[in-house]
Amino acid sequence: MKSLISFAAALTCALATVRTISAATVTYDFNIGWVTANPDGAFERPTIGINGEWPIPRIEANVGDNVIVHATNHLGNQSTSLHFHGLFMNGTSHMDGPSQVTQCGIPPGSSFTYNFTINQPGTYWYHSHTGGQYPDGLRGPLIIHDPKSPFLGQYDEEIILTVSDWYHEQMAVLLPAFNSKGNPTGAEPVPQAALFNETQNLKVAVQPGKTYLFRMANIGAFAGQYIWFEGHNMTIVEVDGVYHQPAEAEMIYMSAAQRCSFLLTTKNETTANYAFIASMDTTLFDTLPEDLNYNVTGWLTYDEVQPFPEPSLVDELDPFDDMTLIPYDNQSIFGEPDKTIELNVIMDNLNDGANYAFFNNITYKAPKVPTLYTALSAGDLATDPSIYGSYTNAFVLEKGEIVQIVVNNLDSGRHPFHLHGHHFQALYRSEDEAGTFENANVTEADFPATPMRRDTFVLYPDGNIVLRFRADNPGIWLFHCHIEWHVTSGLIATMVEAPLDLQASITLPQSHLDVCASQNIATVGNAAGNTADFTNLKGENRPPNRLPDGLAQSCPIYLSLALMEPPFYELKRCRPLTSPRFTIRGKVALAFSILSGILGVLAVAAYGLSADPAASEDSVLSPTEQGAVEAAGSVGSSSSSNHEVVPEPKGREVLVISAGGGNRS
Ligand SMILES: [Cu+2]
């Protein structure tokens, strides 16, 4: 009897072991709807939540797990879709999420099921990939735990920390004003606040003498962020889901969509609490509103009764250079490319007077048929890039080839570029103002032997980058700037990777077909919806026409500024010649208060002159129109004004993570 019991115990134990190491299915039911939130304590606004909550729940799984997300759109006034940023979606390109690319947007009242297997570890996030929507709140962490992580024994606990920017207005208000003749320079709306874990004055409880793995993600819309922890160093071990050899950093920079995991070891004593800070990259902003607090502060809380010190001022922003990272697996540089794609970035006006973003003089316009569906229905013509439309920047990649993407920034802003479906090797990044790669005098021998890898990489103003990847993942993968304003103004290219393999491997589930049918969107045909002749693009979606002779006429209100001494604006591109820099705050504040005075008058005049019909068509939700869903996610932390930090914050504690969300089975 005794032996039977011990056998049963052993069997139970063995089964338990099998259970923990075998793949599970993790299921989420997401009801996407409006809630009210006030994360900076300054303004209550409609925000997109899930299951009545905001911030939205994180998705967590283990490497090898199958994840199922049942998404139902209860927004009432907007379509939606979910993109799982950084996941390869190998074999399931149709679960990648961008609407009109791999699916139709999910209209109000409809449901859609995402079902995919995750075979990669690390720190990711998920967000809406429809209509510039995610800055309204539909963005959250996605964490893939790795039982075989090479850093497993080196930390005690994990802490998830997001950083983001926040707007008081809804995108439905901001987007029509941004993309209008009233904004000929394409000045992006400047956020009202920065957030940690979608709140302010966050307190992160830590214990002395321990090492934590911080999983950070910038889930913001626009602002890159400088991040540092007072009194503590960061040891970077992962970026964008790729393990790298440990690298010490005092300060990091994270663009929108980038992730960084680092080890942080706490002090041995609990006599003080320490501030950590994220500071928005103000060089991205065309104006610096006087009342903008571009910093957000949190605290490593060793002891609640100790003071929460104001952060010290720093006089230099000198972040860690991610190009110096070496991947943990020492993967060698891919060989010379089979295909090189060169993309030149410009911002320019079209004849509606609005400002657009272009790759190689083409601004992206979504096709009538989602690109994946065109590939699946085109037969042998699927390898002809022209069928995907004249305004999708489509490139057809052959299975297994080495692809090099060279991006030349002919614009004076920073742009974080993201490739869906892959990690790329980052071979080269020039300094600011270096011009095009062609003129860089850089050869194959100058590239690192073991280049760092990630999925989102920052391109500097008027500089260039070189990326390389192997086309080993058949699918339709966007390559785009991850500043959401630039997504909406067209800075997107489409990689059509091994389309014939896709035809052999993907069968569209019924929910794909249903959401398209309910909106009368075709699921076969070329970019124009033509099924009889895939090479005939008559009737395709197209952007406004180009201006006949250059740009100057589109931005006459800046003529006066351009003529001033020294010139504040460059006529050719109508972009600011100077941007505010954190390090010379004083000077810039003076210059900008003068400039913003002038701009203010001109902007009022310009907006008054432009009656933009698009603005009135958009459906904007007022807080009183929200109906049943209530302020579950509302966060009442009080915000400070004018760059001051509240000394005695009423912060919200963050819990060290334990079990994952969802239902595991
Ligand atoms: Cu951009």
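Start by selecting residues 139-145, which make up strand β8: 6 of its 7 residues are buried, so to speak of a strand that is mostly covered is fair. Keep in mind as you click around that this is a predicted model.

**Around β8**

Leave β8 on screen and add residues 59-62. That's strand β3, and it pairs with β8 in the parallel sense over 4 bridges. For one of the pairs, pick Ile59: its bridge partner in β8 is Leu142.

Now add residues 122-128, strand β7. Here β7 and β8 run antiparallel, joined by 6 bridges. Click Tyr124 and you'll find that its bridge partner in β8 is Leu142. So Leu142 is a handy residue to keep labelled: Ile59 is a bridge partner of it, and Tyr124 is another. A little further along β7, Tyr126 stands opposite Gly140 in β8.

Zoom out a bit to see the whole sheet. It's an open one with 4 strands, in the order β3-β8-β7-β5, and the pairing is mixed. At the edges sit β3 and β5 (82-85), each pairing on one side only. On average, neighbouring strands in this sheet are turned by 20° against each other, direction ignored. What holds such strands side by side? Strands of a sheet pair through backbone hydrogen bonds, either parallel or antiparallel.

**A second sheet**

Next, select residues 339-349 and 402-409. These are strands β20 and β23, which pair in the parallel sense over 7 bridges. Label Leu343 and look across to β23, where Val407 stands opposite.

Both strands belong to an open sheet of 6 strands, in the order β21-β20-β23-β28-β25-β26, again with mixed pairing. To find the edges, select β21 (355-359) and β26 (453-454): each of them pairs on one side only.

**A strand covered on both faces**

Move to residues 456-459, strand β27. Which of its residues are buried? Thr456 and Val458 on one side, and Phe457 and Leu459 on the other, are all buried, leaving both faces covered. Add residues 415-419 and you have strand β24, which pairs with β27 in the antiparallel sense over 4 bridges. Within that pairing, His418 has Thr456 in β27 as its bridge partner.

**One helix**

Time for a helix. Select residues 510-517, which form α6, and colour His512, Val515 and Cys516: these three are buried. They cover an arc of only 100° around the axis, which is why they end up on the same side of α6. What covers them? Part of the answer is β6, so add residues 111-117 to see what is among the cover for the buried residues of α6.

**The whole chain**

Finally, show everything. The chain holds 9 helices and 34 strands, and buried residues make up 49% of its 665 residues. Among contacts between residues at least 6 apart in sequence, 82% join residues at least 24 apart.

Colour by pLDDT before you leave. The chain's mean is 86, and 79% of its residues reach 70 or more. Select residues 550-590, though, and the pLDDT is below 50; this stretch has 56 contacts in the model beyond near neighbours in sequence. Residues 603-618 are below 50 too, with 15 contacts of that kind. Where pLDDT is low, the predicted coordinates should not be read in detail.

Notes. Residues numbered from 1 in each chain as written. Predicted model: local features only at pLDDT ≥ 70, side-chain atom pairs only at ≥ 80, totals over all residues. Buried ≥ 20, exposed ≤ 12 C-beta atoms within 10 Å, placed from the backbone. Helix = DSSP H or I, 4+ residues; strand = E, 2+ residues; numbered from the N terminus. Arc of directions from axis to C-beta. Contact = placed C-beta atoms within 7 Å. Pairing = 2+ DSSP bridges. Axes fitted to C-alpha atoms, helices over the stretch in contact; angles between N-to-C directions. pLDDT = per-residue confidence, 0-100.
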